[in-house]
Amino acid sequence: MPIPFLASVVMDGWPSWLPGPWALTKAGTALGAIAITKIYASGATCTAERNMHGRVVMITGGTSGIGAATVYELAKRGAQIILLTHHEHNDAFLVDFIDDMRDRTNNQLIYAEQVDLRSLHSVRKFATKWVDNAPPRRLDTIILCGSTLTPPGKARTETPDDVESTWQVNFLSNFHLLGILSPAIRAQPFDRDVRIIIPTCSAYIRSPSLDKALDKKDWSPGKAYARSKLAMMVFGKAYQKHLDAYERPDKLPMNARVFLVDPGYTRTPGMRRWLTRGTVWGLIVYLFLYMFSWLFLKSAWMGAQSILWAVMEGSLVRDKGGKVVKECMVVDCARKDVDDEAIAKKLWESSDKLIEEKEKDAAAKRARAKKREMEMEEEKKARERVEEIESLVNTIKKGKQKEKEKPKSGKKAKNGEKTA
């Protein structure tokens, strides 16, 4: 086909129905530029493979975005997945999600545990139950994909624990979870390659310093999100040192490694919420300009590639933990204060103190709520007893009234007989 066409062009000239060579060159150049931009923006693809059969993976944020793509890939390779989600077990969305994931991956070992990152008590309840199990349950990988953000222009919000939402969900609850799970991580056998994956974002580069708290007057959605990601990176580095300092009973080296992973900018629900500013008009503009987000932002599946690489890459076994991974390779951190031990110590101590304070307040609230509930229950029972007594009294009165009416009717009947 090409040869006769070229021969026709040489012999008879350029066909009239075909655009000219210059127009085709411009169109080809434009398409080529779009293709190159798309390939570059999509980033690297994970080429690492690992036998995941029998391995237990615990993941937050695994029901949407990058987390869901990660769950799919790991479940497809045979891993046992434990989804930590705020949904209740009988929630229709969660049931459908798990059933669909089991069908698509042909893996029935996908379960869910209710862990609400907006509640420190919920985190403690799950983690304590996991740690109290004897013998220690198997745990190969922890992936902390769960996060939130406040759209630009929106007001500051707080969790039921009276903590700024972005700080608690993105950092404090993850700090709390890993702190309680620490004994379970350290109890894993020496030959088990345990990895803790902490997804981050390049927004941490522009974060304000962690030395000073973010006051309400200085708060903004961008600062809050960037600061929470920087805090997770500082904590991740410190947590690796915490694990390395543990002396195993068998005197062998620690086998758990922390990896900080930057998936890049992706078309996830969180990114869409940020770009649309959480408004209907913003969503309309987003849909109208969707071509640009498709071109410059990764898909959720491409965003999951660096996380998958950090989970499955074999060469990472020979390296120490605390590394930063981006585009399926280890890179240098963009901020020196991430390795600052003084900042890490201050962050660790202040977070412990804040959690202790908020858990005490939450426990007091639960106690007061339980007391009110018991009082209301007692009042309800008292009302029921009063109603029961009143009902009994009314029944007795009606019975007596009927007894009084019977003799009168009898007398009337006898009088009637005599009269007849």
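## Pockets and cores: worked exercises

The largest pocket is lined by 49 residues, and those nearest its centre are Cys145, Ser147, Thr148, Leu149 and Gly270. Keep in mind as you work that this is a predicted model.

**Exercise 1.** Find which elements build the lining of the largest pocket, and work out which class of residue leads there.

*Solution.*
- Start with the space itself: the largest pocket holds about 1300 Å³.
- Next, list the elements that give two or more residues to its lining: helix H3 (65-76), strand E2 (80-85), H6, helix H7 (221-244) and helix H8 (269-275).
- Pick out H8, which supplies the largest share, six residues.
- Finally, sort the lining by class: 23 residues are polar, 21 are nonpolar and five are charged.

**Exercise 2.** Now do the second largest pocket: which element gives the most to its lining?

*Solution.*
- The volume here is about 530 Å³.
- Its lining has 23 residues, with Trp167, Ala213, Leu214, Arg227 and Leu354 nearest the centre.
- H6, H7 and helix H13 (341-419) each give two or more residues to this lining.
- H13 gives the most, with six residues.
- Sorted by class, the lining has 11 nonpolar, 10 charged and two polar residues.

**Exercise 3.** Locate the largest nonpolar core and say which helix gives the most to it.

*Solution.*
- A useful starting idea is that nonpolar side chains tend to be buried together in soluble globular proteins.
- In this model the largest nonpolar core has 50 residues, and Trp130, Ile142, Phe171, Ile185 and Ile196 have the most contacts inside it.
- Helix H6 (residues 165-186) gives the most to this core, with 11 residues.
- Apart from this core lies another, of 35 residues, including Cys46, Ala79, Ile81 and Met312.

**Exercise 4.** Select Ile196 and find which residues it contacts, leaving aside neighbours within four places in sequence.

*Solution.*
- Two of the partners, Ile142 and Ile185, are also among the residues with the most contacts inside the largest core.
- The other partners of Ile196 are Leu178, Tyr239, Leu243, Arg257, Val258 and Phe259.

**Exercise 5.** Look at helix H1 (residues 2-12): how many of its 11 residues are buried?

*Solution.*
- Buried here means under 20% relative accessible area.
- By that cut-off, one residue of H1 is buried, so the helix is hardly covered.
- Step just past the end of H1 to Gly13, which takes a positive phi of about 90°.

Conventions: Residues are numbered from 1 along each chain as its sequence is written. This is a predicted model: local features need pLDDT of at least 70, side-chain atom pairs count only at pLDDT 80 or more; totals for chains, interfaces and linings use all residues. Side-chain values use heavy atoms; hydrogens and water are left out. A nonpolar core is a set of buried Ala, Val, Leu, Ile, Met, Phe, Trp, Tyr and Cys residues joined through side-chain atoms within 4.5 Å. Buried means under 20% relative accessible area, exposed over 50%, partly exposed in between (1.4 Å probe, protein chains only). Helices (H or I, at least four residues) and strands (E, at least two) are DSSP runs, numbered from the N terminus. Contact means heavy atoms within 4.5 Å. On a 1 Å grid over the protein atoms alone, a cavity is a set of points where a 1.4 Å probe fits but cannot get out, and a pocket is an open set with protein on both sides within 12 Å along at least five of seven lines; lining residues have an atom within 4 Å of a point. Grid points are joined across faces, edges and corners, and a volume is the space filled by probe spheres set on the points. Ala, Val, Leu, Ile, Met, Phe, Trp, Tyr, Cys and Pro count as nonpolar, Asp, Glu, Lys and Arg as charged, and the others, Gly among them, as polar.
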